[in-house]
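Student: Hi! I have a structure open here and would like some help reading it. Could we go through it together?
Tutor: Sure, bring it up and ask away.

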Amino acid sequence: MRVLRPVSLTLALAVTTANAGLVDDIVNAIKNAATCASCKALFVPLKALATLGDKPFTNTFVVVCKVISPGLIDRDVCEGAVKTQTPILAHDLRSINPFGQTAEKLCDALIGLCQPPAVNAFKVPFPKPAPANPRAFVSTGKAPFQVVHFSDIHIDRQYTTGAEASCTKPICCRTYADQTGPVTNAAGSYGSRNCDTPTFLAQNFLRTIGSNNKFSIFTGDIIEASVWLADRVTVQHDIEEFNRELTTIPQVPVYPALGNHESAPTNAFPRNTTTKKGASSQWVFDTVSKGWEPIIGKAAAEQAARLSGSYSIIVPGTNLKILSINTVYWYKSNPDPNGIIGFAVQELQAAEDAGQRVWIIAHMPTNRKDALRDQTNYFDQVVQRYKHVIAGQFFGHSHQDQFAVGYSDYSRQSADTATSMAWVVPAITPRSSNPRFKVYDVDPDTYEIMDSKVYHSDVNDPSFDHEPKWELVYSARQLYGPLVPGHPSTTSLNPPFWHRVTEAFERNQTAFELYQSLRLEGGSPMQCDATCKKDTICQLRALRSESACDYSTPGLNFRREDGAQNVTIHEAHTDECEGLGLSHVLKGVAEHRAEIDWDQLAAELEAIIADAEANPEPLDD
């Protein structure tokens, strides 16, 4: 006699079997994610999970935080990071082909298991062809004026003097609920290593921007690095507070650019075409527009609100246009997200027609692996078209003292083809090196840089805790000029000069090591073998990411300290500015899969998926 199971029991068994299959697919895909192909295969079950809703997708990664190698990432940091960032990934996965090019870019950005795909060919349209005989800007030998350039101030409004400066979080010098016991390394009044900038230090620095400077430029990142705690209310308040300081403390105007930390979640700047409900950064642009208006004026402030934080302004009393653009949209396929490149073309064409020079200021340099190759290629086309108009490009983001050269022909890099120059300023935050900024000597006829001087305040100096001293570290002309014999003292530190400096680095190991020591001056020494040296010089000779020899690698780039034990896990090129987020969790899983309790992960995933099936969540894409 046959016994028929009730229909409800049969359906329950079918659902259980399906759920178990999805759990097995997720667990096995995570275990095997070691190559580019297997990374994209991981997105297949994760896409299926994402279709169940943001809640089960997020809860899955909360479980990953529980089972990831204990002690590698503090639980609250891990969970905070994934709770803010996984809804974004879930939305993305619901929208893409797991085996398409976008998935390949995600594998590159999130886990480092894919190299960036080749650039999608796109020819940027220009309103006019380049002039056959462009206007030449010639120096008449007038005395230069000075401009201060600073970046990555990362002010921690919760910085607590006397708190632990050697903690288990990505940033210290705060009162954390889970940290008990005696303080072993007390946070100083003006800042400490492993910590972001206290208000005292930020205001002390801003007071150094005196009336002897014509103006100043700030290339972004106001918010500190507690990205796992970032929320709109706090971020908006901190932006507003800094804007008040920016408009009242320095004695000259400070022209700002937007950084990747000026959002919540951190790094998240949805495009205008994003369909996910509530996914908009317009509140950021409205906030900076209002705060910047006293400096840049109403017209430029309206541009900033309308154009994702980008704007242009003529510096009063000069023939120089400041073009501030939001390069965060090119941060790890629309050829021009939010029209940033089109806006740059419009403003550069207007400058060419008016006989003006232009400084481009932005946060993220275009020669880094965290810059999308497509967009930096297209922007490089713009730079080459208007190379006679652009007097300089100015960036931050890396927290390092660097430079980069762009070429009209990347297959024939030489002093003759060097056409553009980028100045990358180190950070004010003392988190991993001494607080530093640059002062440029600017020719008033050409608006080119005659010299660049780096100033610092030494965190290890006993006086730092009482009143920081800002002292000259070096002059670029004095330090690097002897490496380029024959370069006239009356000629700017132009692109051909810096190309020849890179040639000197190839020949002169001492000169290269000096450059390396200055990148993170006051921080941990940068170890660099022959391959590293070759790749470093390659990156110096690039103003587009596809040419920078900056390869994606799996691995982590955060610090954890337990007592006297200092464990550092980092990629070859540390991204100080990104902050610990979902990508680090995924890389942690990839690197430490042998230490994960997979049975526990599977059991908790089964419960999460069963609950999602029983309580369907409406999607808001």
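**Walking through the model**

Tutor: Keep in mind that this is a predicted model. The mean pLDDT of the chain is 89, and 90% of its residues reach 70 or more.

Student: Where is the pLDDT below 50?

Tutor: One such stretch is residues 1-17, which has two contacts in the model beyond near neighbours in sequence. Another is residues 555-574, where the pLDDT is also below 50. That stretch has 55 contacts beyond near neighbours in sequence.

Student: OK, on to the sheets. What is the order of the strands in the sheet that has strand 4 in it?

Tutor: The order is 4-5-6-7-9-8, in an open sheet of six strands with mixed pairing. Its edge strands are strand 4 (311-314) and strand 8 (402-407), each pairing on one side only. From one strand to the next, the twist averages 20°.

Student: Let's start at the strand 4 end. How do strand 4 and strand 5 pair?

Tutor: They are antiparallel, with four bridges. Isoleucine 313 has isoleucine 322 in strand 5 as its bridge partner. The two strands form a hairpin with five residues between them, and glycine 317 in the turn has a positive phi of about 75°.

Student: And what about strand 5 with strand 6?

Tutor: Those two run parallel and are joined by five bridges. Here leucine 320 is partnered with arginine 357 in strand 6.

Student: Is strand 5 covered on one face or on both faces?

Tutor: Both. Leu320, Ile322 and Ser324 are buried on one side, and Lys321 and Leu323 are buried on the other. That makes five of its five residues buried.

Student: Which helix lies across strand 5?

Tutor: Helix 9 (residues 340-354) does, and it also lies across strand 4, strand 6 and strand 7. Relative to strand 5 (320-324), helix 9 runs at about 180°.

Student: Going along the sheet, how many bridges join strand 6 to strand 7?

Tutor: Four, and the strands, residues 357-361 and residues 390-395, run parallel. One pair to look for is isoleucine 361 with phenylalanine 394 in strand 7.

Student: Then what does strand 8 do at the other edge?

Tutor: Strand 8 pairs on one side only. It runs antiparallel to strand 9 (residues 418-424), with six bridges between them. Alanine 404 has alanine 422 in strand 9 as its bridge partner.

Student: So why is strand 8 called largely enclosed by the rest of the structure?

Tutor: Because six of its six residues are buried. Gln402, Ala404 and Gly406 lie on one side, with Phe403, Val405 and Tyr407 on the other.

Student: Which strands form the sheet with strand 1 in it?

Tutor: That is an open sheet of six strands in the order 3-2-1-10-11-12, and the pairing is mixed. Strand 3 (254-256) and strand 12 (471-475) are the edge strands. The twist there averages 25° from one strand to the next.

Student: How do strand 1 and strand 2 run?

Tutor: They run parallel, joined by four bridges, with strand 1 at residues 145-150 and strand 2 at residues 215-218. Histidine 149 stands opposite isoleucine 217 in strand 2.

Student: Switching to helices! At what angle do helix 2 and helix 3 pack?

Tutor: About 125°, with their axes 7 Å apart. Helix 2 and helix 3 are therefore oblique to each other. Leu46, Leu49 and Ala50 in helix 2 meet Pro56, Phe57, Thr60 and Phe61 in helix 3. By class, the contact has six nonpolar residues, one polar and no charged.

Student: And helix 2 with helix 5?

Tutor: Their axes come within 9 Å and cross at roughly 110°. Helix 2 and helix 5 are therefore roughly perpendicular to each other. The contact is made by Cys36, Cys39, Lys40 and Phe43 of helix 2 with Ala103, Glu104, Leu106 and Cys107 of helix 5. These divide into six nonpolar, no polar and two charged.

Student: Is phenylalanine 43 buried or exposed?

Tutor: Buried, because its relative accessibility is 2%. It touches Leu93, Pro98, Ala103, Leu106 and Cys107, leaving aside residues up to four places away in sequence. Phenylalanine 43 and leucine 93 are 50 residues apart along the chain, and their C-alpha atoms are separated by 7.3 Å.

Key: Residues are numbered from 1 along each chain as its sequence is written. This is a predicted model: local features need pLDDT of at least 70, side-chain atom pairs count only at pLDDT 80 or more; totals for chains, interfaces and linings use all residues. Side-chain values use heavy atoms; hydrogens and water are left out. Two strands pair if DSSP finds at least two bridges between them. Axes are lines fitted to C-alpha atoms, for helices over the stretch in contact, and angles run from 0 to 180 degrees between N-to-C directions. Contact means heavy atoms within 4.5 Å. Angles under 35 degrees count as roughly parallel, over 145 as roughly antiparallel, 65 to 115 as roughly perpendicular and the rest as oblique. Ala, Val, Leu, Ile, Met, Phe, Trp, Tyr, Cys and Pro count as nonpolar, Asp, Glu, Lys and Arg as charged, and the others, Gly among them, as polar. Buried means under 20% relative accessible area, exposed over 50%, partly exposed in between (1.4 Å probe, protein chains only). pLDDT is the predictor's confidence in each residue, from 0 to 100.
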